[in-house]
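Student: I have a new structure open and don't know where to start. Can you show me how to read it?
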Amino acid sequence: MAEKRATVTCPECGQRETFDKLARARAFIETHRSETGHEATWELHRLSPGVERAGDDAGVCGRPECTTEDSPLYLGDDANVCD
Ligand SMILES: [Zn+2]
């Protein structure tokens, strides 16, 4: 059963979407930015313990403004991050 893992919200137009894959949430943010110029943000829900540890190690909170491009959470594909 699919769990919602991330909620993406756009403060500029009020759009709100939930996703069960982080990769989809990321793709939505990137698409929304390219289509509208808006900077949507995401909120992560529950992550696996391994991912939470990876996040702590990398010093990121999962939000785009806090996630460096070097972080595996930022560029890692969904298979690596979630499954
Ligand atoms: Zn927007």
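Tutor: Start with one residue and list its contacts. This is a predicted model. Leave out residues up to four places away in sequence, and Ala 6 touches Phe 19, Leu 22, Ala 25, Trp 42, Glu 43, Leu 44 and His 45.

Student: Which residues form the largest nonpolar core?

Tutor: A nonpolar core is a set of buried nonpolar residues joined through C-beta atoms within 7 Å. Here the largest has eight residues: Ala 6, Val 8, Phe 19, Leu 22, Ala 25, Ile 29, Ala 40 and Trp 42. Strand S1 (6-9) and helix H1 (22-36) each supply at least two of them. H1 gives the most, with three residues.

Student: Where do the side chains along S1 point?

Tutor: In a regular strand, side chains alternate between the two faces of the sheet. S1 shows this alternation. Ala 6 and Val 8 point to one face and are buried. Thr 7 and Thr 9 point to the other face and are not buried.

Student: How many bridges join S1 to S2?

Tutor: Look for the bridges, then the direction. Four bridges join S1 to S2 (residues 16-19), and the two strands run antiparallel. Within S2, Glu 17 is the bridge partner of Val 8. The hairpin of S1 and S2 has six residues between the strands. In that hairpin, Gly 14 takes a positive phi near 80°.

Student: How does S1 pair with S3?

Tutor: Use the reading you used for S2. S1 and S3 (residues 41-44) pair over four bridges in the antiparallel sense. Thr 7 stands opposite Glu 43 in S3.

Methods
Residues numbered from 1 in each chain as written. Predicted model: local features only at pLDDT ≥ 70, side-chain atom pairs only at ≥ 80, totals over all residues. Buried ≥ 20, exposed ≤ 12 C-beta atoms within 10 Å, placed from the backbone. Contact = placed C-beta atoms within 7 Å. Pairing = 2+ DSSP bridges.
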